[in-house]
Amino acid sequence: MAANNELDLRFWFEHRNGKRLYPYRLTNQKTGKVAFRVARPGTGANRNENQIELEDVEEVFRYVFALGYSVRLRGHDPKFNGLYSPHGHSIVKTSES
C-alpha cells in the first residue's frame, strides 16, 4: 500500500510534456484521512467537497477507466501534480491505451 504522498505505480498517464503521472494518496486537512481522490467530470472538481476519497487503488482504477472519473496524479517531482482525466487534452496516453 502506498503511504501518504507516495506514488502508486500500478497505472499511469503520460502528460504531453513526456512526464508520467501516477495516483498518490493525499491527506484531507479537515479529517486527517489519507486517500486517493477522484472526481466526476464537470463538477468543479478542484474543490475538495466535489472529490471522492478512495483507499484502494483498484477502486480508483475502476472509477477512472470504467466510470470516466478524473484522478489526482503527480509525477516524480511532487510539484507537478493535478486532477487529470484519461481523455483530457494534456494526456497523450495511459497505461491502458
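Tyrosine 63 counts as buried in this predicted model, because its relative accessibility is 14%, under the 20% cut-off. Its ring partner, tyrosine 69, is buried too, at a relative accessible area of 7%. Tyrosine 63 and tyrosine 69 form an edge-to-face pair, with 4.9 Å between the centres and 90° between the planes.

Now for the overall layout. The protein has 8 strands and 1 helix, and the order along the sequence is β-β-β-β-β-α-β-β-β. There are 97 residues, of which 41% count as buried. The accessible surface comes to about 5,700 Å², and carbon and sulfur atoms account for 47% of that. Take the contacts between residues at least 6 apart in sequence: 48% of them join residues at least 24 apart.

What sits inside? In soluble globular proteins, nonpolar side chains tend to be buried together. Here the largest nonpolar core has 15 residues, and the members touching the most other members are Phe13, Val38, Val60, Val64, Val71, Leu73 and Tyr84. Three elements give two or more residues to this core: β4 (34-39), α1 (57-65) and β6 (70-74). Of these, α1 gives the most, with 4 residues. Apart from this core lies another one, of 5 residues, including Leu7, Trp12, Tyr22 and Leu26.

Valine 38 is a good place to look around. Leaving out residues up to four places away in sequence, valine 38 touches Asn50, Gln51, Ile52, Leu54, Val60, Tyr63, Val64, Tyr69, Ser70 and Val71. Both tyrosines of the edge-to-face pair, Tyr63 and Tyr69, are on that list.

Next door in sequence is arginine 37, which has its place in strand β4. Is arginine 37 buried or exposed? Arginine 37 counts as buried because its relative accessibility is 7%, under the 20% cut-off. Its side chain reaches the backbone oxygen of threonine 27 at 3.4 Å.

Back to the rings. The count comes to 6 aromatic pairs. Another of them joins phenylalanine 11 and phenylalanine 65, again edge-to-face, with 5.5 Å centre to centre and 80° between the planes. Why does this pair tie together parts that are 54 residues apart in sequence? Phenylalanine 11 lies in the segment before β1 (13-15), whereas phenylalanine 65 lies in helix α1, so the pair spans that separation. The two partners also differ in cover: phenylalanine 11 counts as buried at 1% relative accessibility, while phenylalanine 65 is partly exposed at 27%. Ring pairs also link Phe11 and Phe65 with Phe13 and Phe61 into a cluster. Phe13 turns up in the largest nonpolar core as well.

Two charged side chains lie over ring faces. Lysine 19 lies over phenylalanine 80, and arginine 74 over tyrosine 24. The distances to the ring centres are tabulated here.

| Charged residue | Ring | Distance from ring centre |
|---|---|---|
| Lysine 19 | Phenylalanine 80 | 5.1 Å |
| Arginine 74 | Tyrosine 24 | 5.6 Å |

Notes: Residues are numbered from 1 along each chain as its sequence is written. This is a predicted model: local features need pLDDT of at least 70, side-chain atom pairs count only at pLDDT 80 or more; totals for chains, interfaces and linings use all residues. Side-chain values use heavy atoms; hydrogens and water are left out. Buried means under 20% relative accessible area, exposed over 50%, partly exposed in between (1.4 Å probe, protein chains only). Contact means heavy atoms within 4.5 Å. Accessible areas come from the Shrake-Rupley method with a 1.4 Å probe; for residues, only the protein chains shown count as cover. A nonpolar core is a set of buried Ala, Val, Leu, Ile, Met, Phe, Trp, Tyr and Cys residues joined through side-chain atoms within 4.5 Å. A polar contact is a pair of N or O atoms within 3.5 Å; within protein, one must be able to donate a hydrogen and the other to accept it, and residues adjacent in sequence count only if both atoms are side-chain atoms. Rings of Phe, Tyr and Trp (its six-membered ring) pair if their centres lie within 6.5 Å; planes under 30 degrees apart count as stacked, over 60 as edge-to-face and the rest as tilted. A charge sits over a ring if NZ of Lys or CZ of Arg is within 6 Å of the ring centre and within 35 degrees of the ring normal.
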